[in-house]
Amino acid sequence: MKKIVVLISGSGSNLQAIIDKCKSKYIHAEIGCVISNNPEAYGLERAKSAGIKTLVIDHKEYQSRDLFDNDLYKVLKDQNADLIVLAGFMRILTEKITKNFYGKIINIHPSLLPKYPGLNTHQQVIDNKDMTHGITIHYVSSELDGGPIIAQGEVMTSEDDDIDNLIERIHTLEHELYPEIIKYICDNQINIYSNEVIFKNLSIKGTHIYKKYDI
Ligand code: GRF
């Protein structure tokens with residue numbers, strides 16, 4: 001059984017999807033710990049309700065990003081997880097984390113990278129009248145939202161989409177695709193070797209998993 005650690009900052013709806021899929025044994029792993037940089041994160045309640053250990057490392061108590069990451073590093077090292085999952089973790093990580101845990105940390109980003117790294121992706125899609133929107137799941141590297149891509153999920157936008165509706169649709173997509181990818185990683189069907197994502201027993205067209213959703 002693999003061990004996962006999940007890092008959150010907020011609502012934790014992705015965390016919930018992962019908890020549910022671990023519970024139903026769709027993902028062959030257990031969540032050893034949920035870590036939040038925000039003591040108010042609702043995801044902490046979700047973890048506690050599921051009987052999962054929680055830890056808060058409040059970034060506001062640190063004078064620098066380096067000091068915060070030093071403590072986060074110690075906790076992650078202690079946890080010795082097979083996979084570290086960023087699920088709405090709103091902190092930029094320094095090389096102390098990204099280099100030492102390279103290949104073991106994944107992130108979900110709400111855009112079709114390389115389009116719209118950073119924040120406010122949904123608003124940019126609306127402002128630019130994009131025909132499609134989506135999500136990217138990638139290994140974390142030192143480049144913000146720039147690590148090797150594992151999977152992308154795409155939805156068509158519609159003229160009726162307002163920001164709330166678009167966020168809801170993207171969340172629905174995230175809750176399907178993120179657990180699926182975590183399952184594959186835990187089953188050793190996805191790996192990374194020298195910056196290249198390797199897929200085993202999965203039919204991939206192109207360099208990564210690309211799925212279109214009717215959501
Ligand atoms: C998700 O949209 C994720 O893509 C982004 O932050 C959001 C977190 O949502 N990185 P939640 O906390 O999982 O509900």
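## Around S36

In this predicted model, S36 touches I8, S9, A41, L44, L55, V56 and I57, leaving aside residues up to four places away in sequence. You'll find S36 in strand 2, which covers residues 29-36. Its relative accessibility is just 1%, so S36 counts as buried.

One of those neighbours, I8, also has a polar link to look at: its backbone oxygen lies 3.4 Å from a polar atom in the side chain of S36.

## What about the cysteines?

A disulfide is a covalent bond between the sulfur atoms of two cysteines. How many disulfides are there here? The count comes to zero.

Take C33: the closest cysteine sulfur to its own belongs to C22 and is 14 Å away, so the gap is too far for a bond. C186 is in no disulfide either; its nearest cysteine sulfur, again that of C22, is 7.1 Å away. As for surface exposure, C33 has a relative accessible area of 0%, so it is buried. C186 is buried too, at 7%.

## The ligand's surroundings

Which residues surround the ligand? They are S11, G12, S13, N14, G88, I108, P110, H171 and E174.

Now zoom in on some atoms. In E174, a side-chain N or O atom is 2.4 Å from an oxygen atom of the ligand. In S11, a polar side-chain atom lies 3.4 Å from a ligand oxygen. I108 uses its backbone instead: an N or O atom there lies 3.2 Å from a nitrogen atom of the ligand. On its own, the ligand has 370 Å² of accessible area, and the protein covers 85% of that.

Definitions and conventions. Residues numbered from 1 in each chain as written. Predicted model: local features only at pLDDT ≥ 70, side-chain atom pairs only at ≥ 80, totals over all residues. Heavy atoms only, no water. Helix = DSSP H or I, 4+ residues; strand = E, 2+ residues; numbered from the N terminus. Buried < 20%, exposed > 50% of the residue type's maximum accessible area, 1.4 Å probe, protein only. Polar contact = N/O pair within 3.5 Å; in protein donor to acceptor, adjacent residues only side chain to side chain. Contact = heavy atoms within 4.5 Å. Disulfide = S-S within 2.5 Å. Near = heavy atom within 4 Å. Areas by Shrake-Rupley, 256 points an atom, 1.4 Å probe, with all protein chains shown as cover.
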